[in-house]
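Dear colleague,

Please find the structure below, handed over for your consideration. The findings follow it, arranged by region.

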Amino acid sequence: MKDYITIIGGGLAGCEAAYQIAKQKIKVKLYEMKPHKYSPAHHNKDLAEIVCSNSFKSNLLTNACGLLKEELRRLDSLLIRLADETKVPAGQALAVDREIFAKRVTEEIKKNPYIEVIHKEVTNIKEMLQEGMVILATGPLTSEELACQIQEITGQDKLYFYDAAAPILQKDSINFNVAFYGDRYSQEKKKEETQEQWKQRLAKQENEEQSYINLPMNQEEYENFCQELVQAEVVTLHEFEKREIFEGCMPIEIMAKRGLDTLRFGPLKPVGFDDPRTAKRPYAVVQLRQDNKQASLYNLVGFQTNLKYGEQKRIFRKIPGLEQAEFVKLGVMHRNTYINASQLLDETYCLKSMPNLYFAGQITGVEGYVESISSGLVAGLNVANDFENRRKKYHFSEYTVIGALAKYISTPNDKFQPMNANFGILPELEGKKIRDKKERYQKLAKRSLENLRV
């Protein structure tokens, strides 16, 4: 066993992991291929380059990402500290000067006596794994060659090279005066039931955790919705991403442009449903599928989209029953290599089949800057413990955002997709349900910080 830990990737997660390991006075070799080679989205020679928005999102504790940042501050996160130092005016959000931020991270990492930065592309992970402990933090733009090796190591037939994900929303923001439970196959049982038996079964379903929630539309509502989709603004993809949009995950706005009835014969088909309000088949139906075990999150079935975030909120809230929808994740369609962590990793981001290999960053299925830093911190703390042959593992409480994220990515899920920080992945508060959102989030934040332990 070598006397150092190897980290592959000098992004947000890799740098945070390196710092946490070095704090334990353990040597780190941090591999970063820049400036000798750049991904299609990177341009800055420094470590921890931010390639999209310069915002680390809200600082408010009533925002899940704001709460996650506060947890990380209390755990001595290097990157959150440097983000605070390099912030620029952004109201209640934490936004940074991206050039100064990357420069400061590089300075702090390179001056640390326990960290050696090696500017070289890694092409053989297996060789490194034979002799030591490794954290793989190569990010959502992992090279094809490295991705093939990860496939072999993890035993996966494929990695998820392109993120075509539908929006996810909180169940308690759905209007159940419109929405109803059930799938189209169970609805067909109505043919064998009296009207009263059918109503009783639907009432019973409403008291249970159901896999599907349905939102019926009449013809006018459907046609107005399609028109909005056709006219909406979309995100411009990079050239290297455009080649990869294929028929199997066609954006819903593209389907809408193919004809007025396309969606009604596709993801919004009403076959097998009756609207409980009218006892008649609706013109179209939007389906929501349960997205977590607690049944607090649901995704819009078939709603992969490349619409701008503001447009998604505006248009999808026009769907009957979603007027007050709270989205925890909006739809995306872009290059994003990640493993099926729900089958492969434990809550410490360790590969269950290979205890000397950890993953960190967006390749694990966490999404966002702060979330990547969080995964790097957890992986770094745990790989350092393993290196020192300590039996203790850092399992953060699921009542914290950092722990809930780790639990989300490591919980078996046949429909696994990347997730960012949100209150929907935290366990519900005990006792009487609090309807006021701000009060509920304040209590969740208070509980989280009370349960933050290292």
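**Packing of helices α2 and α16**

Helix α2 passes helix α16 in a right-handed crossing. Please note that this is a predicted model.

Two packed helices are described by the angle between their axes and the distance between the axes. Here, α2 (residues 64-74) and α16 (residues 437-450) pack at an angle of about 20 degrees, and their axes lie 11 Å apart. Angles under 35 degrees count as roughly parallel, and α2 and α16 are therefore roughly parallel to each other.

On the α2 side, the residues that meet α16 are Leu67, Glu70, Glu71 and Arg74. Their counterparts in α16 are Leu444, Ala445, Ser448 and Leu449. By character, the residues of this contact divide into four nonpolar, one polar and three charged.

**The surroundings of α2**

Helix α2 is mostly covered, with nine of its eleven residues buried. The buried residues are Ala64, Cys65, Gly66, Leu67, Leu68, Lys69, Glu70, Glu71 and Leu72. Against which elements do the buried residues of α2 pack? Besides α16, the list comprises the strands β3 (55-58) and β5 (93-96), together with the helices α3, α14 (369-387) and α15 (401-410).

**Salt bridges**

A search of the whole structure finds 28 salt bridges. Three of them are described here, beginning with two that involve members of a network.

In helix α3 (residues 78-85), Glu85 and Arg81 are four residues apart, about one turn of the helix. Their side chains meet in a salt bridge, at 3.6 Å from N to O. Glu85 is partly exposed, with a relative accessible area of 46%, and Arg81 is also partly exposed, at 32%.

In helix α4 (residues 98-111), Arg104 and Glu108 are likewise four residues apart, which separates them by about one helical turn. An α-helix has 3.6 residues a turn, so residues three or four places apart point the same way. The side chains of Arg104 and Glu108 meet in a salt bridge, with an N to O distance of 3.3 Å. Glu108 counts as buried, at 15% relative accessibility.

These pairs belong to a network of salt bridges that links Arg81, Glu85, Arg104, Glu107, Glu108 and Lys111.

A further salt bridge joins Lys45 and Asp46, whose closest N and O atoms are 3.6 Å apart. Are the two partners buried or exposed? Lys45 is exposed, with a relative accessible area of 54%, whereas Asp46 is buried, with a relative accessible area of 12%.

**The loop that holds Gln156**

Gln156 lies in the loop between α6 (144-154) and β8 (160-165). Gln156 is buried, with a relative accessible area of 14%.

Which residues is Gln156 in contact with, leaving aside its neighbours within four places in sequence? They are Gln151, Ile339, Asn340 and Leu344. As regards Gln343, this residue is 187 residues from Gln156 in sequence, and the two C-alpha atoms are 9.8 Å apart in space.

With kind regards

Methods:
Residues are numbered from 1 along each chain as its sequence is written. This is a predicted model: local features need pLDDT of at least 70, side-chain atom pairs count only at pLDDT 80 or more; totals for chains, interfaces and linings use all residues. Side-chain values use heavy atoms; hydrogens and water are left out. A salt bridge is a side-chain nitrogen of Lys or Arg within 4 Å of a carboxyl oxygen of Asp or Glu. Buried means under 20% relative accessible area, exposed over 50%, partly exposed in between (1.4 Å probe, protein chains only). Helices (H or I, at least four residues) and strands (E, at least two) are DSSP runs, numbered from the N terminus. Contact means heavy atoms within 4.5 Å. Axes are lines fitted to C-alpha atoms, for helices over the stretch in contact, and angles run from 0 to 180 degrees between N-to-C directions. Angles under 35 degrees count as roughly parallel, over 145 as roughly antiparallel, 65 to 115 as roughly perpendicular and the rest as oblique. A crossing is left-handed if the near helix is turned anticlockwise from the far one by less than a right angle, and right-handed if clockwise. Ala, Val, Leu, Ile, Met, Phe, Trp, Tyr, Cys and Pro count as nonpolar, Asp, Glu, Lys and Arg as charged, and the others, Gly among them, as polar.
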